[in-house]
Amino acid sequence: MQGVILTNEQYREVATHGSINFPIQYYLDDTLYFHNQTINRHWHPELEFALIQEGMVDYWIGGNKRTLKAGDGVFVNTRVIHGYEAIERALVPNIVFSPEFISGGNHLVFQKFVQPITFSTISGLFLSRKVKWQDEILHSLNIVFELMNSKDKTKELDLQVLMSSIWKTLYLHQESYENSPHSSNYYILQTRLQLMLDFIYKNYERKVRLTDIADAAKVSKSEALRCFKLGADITPVEYLIQYRLSKAKELLLNSEKNVTEIASHTGFENVGYFSRMFKKYYGTTPRSLRITSLQKQ
């Protein structure tokens, strides 16, 4: 994922993680490829583990923020808004996976060991090597990341075993999570953000006004601005633009559409404005990015 996390459904990320048959995906986020070295706040129905391989980041899980350094990690529960930013370059490998991946289709396992966490008030967990059981998870995650990039004959089986082991450790230490109860206002904010983000993800290709975004959550424009400020530290319109640009970047790198077609397809009515905004966020023009990409192939 580069540039901006493509979100759609109330900050919901639109990317598909893994496949139906093997719902887990590995990513290596390099903050140099994101505007302002910020991975914008987003959410997805999948679970996520990440660790800081290099650098230092300020990481948000729900309403909680912590500065993490190399070696630290995070667990993010399903449907929780999260994101991070770095001042200098940071590398953050991560895996995003379906809760069903843990149970392997076994309903009893899912009901007994997965749901108690995914249906809890736990938004996530900051993982530290200073805590023995958390260090075990971080160590296992490094092995998982290596496996995701391997061609081992038993890769899928090894991943299933390792992820189940990680989940077992997480499950057995639920009582020790640093998890203060959230207020009702927190849940209201998260729900409204999710609704507005979902609207952006589904409608970014057409003309979208601030009123439209606010209406998606049945709130006023001022409340929409407040929710985005508190939950994402950005305005709704800025988020919309960033999302459109990230979709445009994907098309530039992975399609044969010309710049004018891409601008139109991602909701920009004026190709000149699109090019200016693209250069502002990515430091290069759409055409230059495509040329550079082709030269590297």
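At roughly what angle do the axes of α3 and α4 cross? The points below take up that question and then move through the rest of this predicted model.

1. The axes of α3 and α4 come within 10 Å of each other and cross at roughly 165°. Because an angle over 145 degrees counts as roughly antiparallel, α3 and α4 are described as roughly antiparallel to each other, and their crossing is left-handed. On the α3 side the residues that meet α4 are W133, E136, I137, S140, L141, I143, V144, L147 and M148, while on the α4 side they are K155, D158, L159, L162, M163, I166, T169 and L170. Sorted by class, this contact of α3 with α4 has 12 nonpolar, 2 polar and 3 charged residues.

2. Helix α4 also packs against α2, here at an angle of about 60° and with the axes 10 Å apart. The crossing of α2 and α4 is left-handed. From α2, the residues K112, F113, V114, P116, I117 and T118 meet W167, L170 and Y171 of α4, and by class the contact of α2 with α4 has 7 nonpolar, 1 polar and 1 charged residues. L170 of α4 therefore deserves a second look in the structure, because it is listed in the contact with α3 and again in the contact with α2, contact being taken as heavy atoms within 4.5 Å.

3. Which residues have the most contacts inside the largest nonpolar core? They are F49, I95, F97, L141, V144, M163 and L170, in a core that has 29 residues. At least two residues of this core come from each of β3 (24-30), β5 (47-51), β10 (91-97), α1 (99-103), α2 (107-118), β11 (124-127), α3 (132-148) and α4 (155-172), and α3 gives the most, with 8 residues. M163 can serve as a point of entry for inspection: leaving aside its neighbours within four places in sequence, M163 is in contact with I24, F49, I95, F97, F101, I102 and V144. A second, separate core has 23 residues, and W43, L197, I200 and F228 are included in it.

4. Another helix pair to examine is α8 (residues 236-254) with α10, which pack at an angle of about 90° with their axes 10 Å apart. Since angles of 65 to 115 degrees count as roughly perpendicular, α8 and α10 are roughly perpendicular to each other. The contact is made by E238, I241, Q242, L245, S246, A248, K249 and L252 from α8, together with Y273, F274, M277, F278, Y281 and Y282 from α10. By class, the contact of α8 with α10 has 10 nonpolar, 2 polar and 2 charged residues.

5. Is T266 buried or exposed? T266 sits in the loop between α9 (259-265) and α10 (271-282), and it counts as buried because its relative accessibility is 0%, where buried means under 20%. Not counting residues up to four places away in sequence, T266 touches Y204, E205, R244, K247, A248 and L251. A248 is thus one of the residues that T266 touches, and A248 is also among the α8 residues in the contact with α10.

6. Two loop residues have backbone angles that merit a check. Most residues other than glycine have a negative phi. The phi of R79, however, is near 65°, a positive value in a residue other than glycine, and the phi of K218 is near 55°, again a positive value in a residue other than glycine. R79 is found in the loop between β8 (73-76) and β9 (82-85), and at 42% relative accessibility R79 counts as partly exposed. K218 lies in the loop between α6 (210-216) and α7 (221-232), and K218 counts as exposed because its relative accessibility is 77%.

7. Two further helix residues are worth locating. L230 lies in helix α7 and is exposed, with a relative accessible area of 53%; L230 and L28 are 202 residues apart in sequence and 27 Å apart in space, C-alpha to C-alpha. N203 belongs to helix α5 (residues 184-203) and counts as buried at 18% relative accessibility. From N203 to I213 there are 10 residues in sequence and 9.6 Å in space, C-alpha to C-alpha.

Technical notes: Residues are numbered from 1 along each chain as its sequence is written. This is a predicted model: local features need pLDDT of at least 70, side-chain atom pairs count only at pLDDT 80 or more; totals for chains, interfaces and linings use all residues. Side-chain values use heavy atoms; hydrogens and water are left out. Helices (H or I, at least four residues) and strands (E, at least two) are DSSP runs, numbered from the N terminus. Buried means under 20% relative accessible area, exposed over 50%, partly exposed in between (1.4 Å probe, protein chains only). A nonpolar core is a set of buried Ala, Val, Leu, Ile, Met, Phe, Trp, Tyr and Cys residues joined through side-chain atoms within 4.5 Å. Axes are lines fitted to C-alpha atoms, for helices over the stretch in contact, and angles run from 0 to 180 degrees between N-to-C directions. Angles under 35 degrees count as roughly parallel, over 145 as roughly antiparallel, 65 to 115 as roughly perpendicular and the rest as oblique. A crossing is left-handed if the near helix is turned anticlockwise from the far one by less than a right angle, and right-handed if clockwise. Ala, Val, Leu, Ile, Met, Phe, Trp, Tyr, Cys and Pro count as nonpolar, Asp, Glu, Lys and Arg as charged, and the others, Gly among them, as polar.
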